[in-house]
Amino acid sequence: MYKIAVIPGDGTGPEVTREALKVLNVAADKFGFQYEQIEFDFGGERYLRTGETLPDGAIDELRGFNAILLGAIGHPDVAPGILEKGILLKARFELDQYVNLRPVRLYPGVETPLKNKGPKDIDYCVIRENTGDQYSGVGGVSLKGTPHEVAVQSAVYNRFQVDRCLRYAFEYARKYGKKAQGKGDHNTLALVGKTNVLTYVYDLWDRAFHEMGDMEFPDIRREYYHVDATCMWMVKNPEWFDVLVTGNMFGDIITDLGAITQGGMGLAAGGNINPEGVSMFEPIGGSTPKYTGKGVINPLAAICAAAMMLETLGEQEAATSVETAVKFVTANQLKSMDAGRMGYSTSEVGDLVAQYVNDH
Ligand code: IPM
Ligand code: MN
C-alpha cells in the first residue's frame, strides 16, 4: 500500500493532476497495486489566505509518504520567488531531492520545431543537480535601491553534492543508457559545464567526473560539453546525446530547451529524486494562469510524471504501460499537443490514456 501525497497547486495544476490520478487509478486496478492518496492545498491561494507557503510541519509529514505528485506552483497575484522558494524549492531542499531527472523524449506523432528530427533522434535524459549552485541561497545585497547597489548570488558546490549526483548519473547511464536499451554501442554520460570560465565550480565537477568514471564506471563512455555549445547541439544534433549531467542552473535552462524540442511543456515531465528518501514528480510546465479552468491544457506531462513516479516506486510494468498509452495517444489521437488545439479536452485526454491502459 503506497502513500502518495498530492499537491495539485496553482493554475492548471489541479486540472492536469486530476488526469494523472485518473490514470494512476486505472493502472492500480490493472496491475494490482494499492495506494492511498492524501491531498495538500499548498499554493498561491492558500498563501494569499493564510500567508503560509510550506510550513515545517508539512515537510515532516511529507517524509512519511512514498512519493509526492505535484501539479504546478505559481500565482499571478503573488510576487515572483515567494511560492517558488517557499514551496517548490523548499520541498526539493528539505527532502534532499538531490537529482532532478528530466527525460527529453520525442513521442511519435508529436511535432518538434527541429527540422528533420524524429523520435529516434530526440531521446536522451538530463540529470540536473537539484540542491546547489545559484539556488543555494548564498549571497546578498547591500546598498539596495542606491546607484551603488551590490548584488551577489553565488554558484556553490561541495564535493559531496557533486559526487552523489555524478554517482546517480553514472548508475543511470549504466541502467538506461543507449547500449542498455539496445539503441547504441555505448552507454554515454556527458558532463555539461563551463570549465573555460567557471574554473572553480566546473573544475570540481570535471575532476570528480573523471575520477569517478576511472575508478567506478570504466564501462561508461565519458564526454564533456560546454553549456553554450550544448544548446547548439541540442538543436542541431540531439541524436548525439544519451545521458547528460550538469549543475542546477545550467540544468534548469537546458531542460526548457529540451522540453520545447520534445513538443513543448504539455509533454515534459520531471522527477525530483532522493534515492534514499521521498521523491516528488511534476510536469515542468508551470501553472499557466491564462488557460486555468478552461479544460484545454495538455495533461500528458502530468501523466508522464505519474509514470515516472510508478517507475521509482518499483511498479515497472505499470509505468511502461502508462508510457505506452501516452505514445499511442500522441501517435494516433491528438491533433496537436498545444493547449486548445488537441481536438480533445483535458479530461478527455486523460480518458484516452486511461482507456488504453485498461484495455492493453
Ligand atoms: C523548474 C522551475 C523552477 C526552477 C522554478 C519555478 C523555481 O523553473 O522546475 O525548472 O528554477 O527550478
Ligand atoms: Mn525551469
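Here is a walk through the two largest pockets of this structure, which is a predicted model.

Let's start with the largest pocket, which has a volume of about 1,100 Å³. Its lining is made up of 43 residues. If you want to find the middle of it, look for Pro-103, Arg-105, Tyr-172, Tyr-176 and Glu-311, the lining residues that lie nearest the centre.

Where does that lining come from? Two strands, β4 (99–105) and β5 (123–129), each supply at least two residues, and so does a further strand, β11 (269–273). The helices α5 (159–176), α9 (300–313) and α10 (316–332) each do likewise. Of the contributors, α5 gives the most, with 7 residues. As for character, the lining of the largest pocket splits into 22 nonpolar, 14 charged and 7 polar residues.

Now zoom out to the domains. Why does the largest pocket lie between domain 1 and domain 2? Domain 1 covers 1–111 + 263–360 and domain 2 covers 118–123 + 131–261; both give residues to the lining, so the pocket sits between them.

On to the second largest pocket, which holds about 540 Å³ of space. Here 30 residues form the lining, and the closest to the centre are Gly-263, Met-265, Gly-266, Met-337 and Asp-338. The elements giving two or more residues to this lining are the strand β3 (67–72) and the helix α9. You have met α9 already, since that helix also supplies at least two residues to the lining of the largest pocket. In the second largest pocket, the lining residues divide into 14 nonpolar, 12 polar and 4 charged.

Definitions and conventions:
Residues are numbered from 1 along each chain as its sequence is written. Chains are lettered from A and ligands numbered from 1 in the order in which they are written. This is a predicted model: local features need pLDDT of at least 70, side-chain atom pairs count only at pLDDT 80 or more; totals for chains, interfaces and linings use all residues. Side-chain values use heavy atoms; hydrogens and water are left out. On a 1 Å grid over the protein atoms alone, a cavity is a set of points where a 1.4 Å probe fits but cannot get out, and a pocket is an open set with protein on both sides within 12 Å along at least five of seven lines; lining residues have an atom within 4 Å of a point. Grid points are joined across faces, edges and corners, and a volume is the space filled by probe spheres set on the points. Helices (H or I, at least four residues) and strands (E, at least two) are DSSP runs, numbered from the N terminus. Ala, Val, Leu, Ile, Met, Phe, Trp, Tyr, Cys and Pro count as nonpolar, Asp, Glu, Lys and Arg as charged, and the others, Gly among them, as polar. Domain bounds come from an automatic or database domain assignment.
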